[in-house]
Amino acid sequence: MYSPKLTAIKIKEAEKKLGKGLVYHSAQQIRHANELLGKKYDPEQAKVIEPLKPSEKWWINNERTLCMLDFHYWLTNYAKIINLQKKLVSFAPNIAQKIVLDVWSEMEEEGIAIYIQQLKARQLGMSLLTELAVAHRVQFYMNVNALVASCDERKSETMSKMMEITWVNQPWFMVPKMTTYRTGQLIEFGKLNSAVSIQH
């Protein structure tokens, strides 16, 4: 997930099960495919309005599988954030975030818990990176019971909004149906039995 070495092993295992190789795509290819697939889905009715071709079904399976197994692929191609200029953009890790991703990778390879107390300067993007990691787990994995908390209610709500922004701005096929939503309290994906609680 975080370690390129372990991710490569997981991808090979997935390819054996699928009987087909998984393909990494460029940002441009992803944008183009998502535009085409977006025309086949009605968000108001929450359903596909035009039959998908076999190649389109495989694209969806390929992208979902790669995103689940490779956090970096999902993070840089599908995770959206509001930047300092208040614009919606794709996430691109800064130097501090890259360092933390390397630490997560090392801990994963060592088979130990990714459990870090981050004593740092402010505004390095650590909260954002952590929120995206939580969003990724809750979105793709079953039986995840996540918690987001800070010192006060407003800050906790602000942190939870980081996850909501990235979920709302992914293509329709990437995010499972949200079955419970209580602003600033609980977001749940029932089919996965995964949820994130927001507390303070």
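Begin by selecting strand 7 and strand 8 of this predicted model, because the two strands form a hairpin with four residues between them. Within the turn, click on Asn193, which has a positive phi of about 55°. Strand 7 covers residues 186–189 and runs antiparallel to strand 8, with four bridges joining the two. To follow the pairing by eye, show Phe189 together with Ser194, its bridge partner in strand 8, and then show Leu186, which stands opposite Ser197 in strand 8.

Keep strand 8 selected and colour its residues, 194–199, by accessibility: the strand is mostly covered, with five of its six residues buried. Add strand 5, residues 145–149, which runs parallel to strand 8 and is joined to it by five bridges. A pair to label here is Ala146 and Val196, the latter being the bridge partner in strand 8.

Now return to strand 7 and add strand 6, residues 180–182, which pairs with strand 7 in the antiparallel sense over three bridges. Tyr181 can be labelled as a landmark, since this residue stands opposite Ile187 in strand 7.

Next, leave the strands and select helix 3, residues 54–69. This helix has 16 residues and reaches 23 Å from its first C-alpha to its last, close to the 22 Å expected at 1.5 Å a residue. Which residues of helix 3 are buried? Show the side chains of Glu56, Trp59, Ile60, Asn62, Glu63, Thr65, Leu66, Cys67 and Leu69, which are the buried residues of the helix. As you turn the view along the helix, bear in mind that in an α-helix residues three or four places apart point the same way, because there are 3.6 residues a turn. To see what the buried residues of helix 3 pack against, add helix 1 (4–18), helix 2 (27–38), helix 4 (71–77) and helix 6 (126–140).

For the last stop, switch to a surface view and select Ile95, Ile99, Val103, Ile114 and Ile116, which together make a nonpolar surface patch of about 430 Å². Among these, pick out Ile116, which lies in the loop between helix 5 (95–110) and helix 6. Is Ile116 buried or partly exposed? Ile116 has a relative accessible area of 38% and is therefore partly exposed, a class that lies between under 20% for buried and over 50% for exposed.

Notes:
Residues numbered from 1 in each chain as written. Predicted model: local features only at pLDDT ≥ 70, side-chain atom pairs only at ≥ 80, totals over all residues. Heavy atoms only, no water. Buried < 20%, exposed > 50% of the residue type's maximum accessible area, 1.4 Å probe, protein only. Expected span 1.5 Å × (residues − 1). Contact = heavy atoms within 4.5 Å. Patch = residues over 30% accessible without salt bridge, like charges linked within 9 Å, V, L, I, M, F, W, Y side chains within 5 Å. Areas by Shrake-Rupley, 256 points an atom, 1.4 Å probe, with all protein chains shown as cover. Salt bridge = Lys/Arg side-chain N within 4 Å of Asp/Glu carboxyl O.
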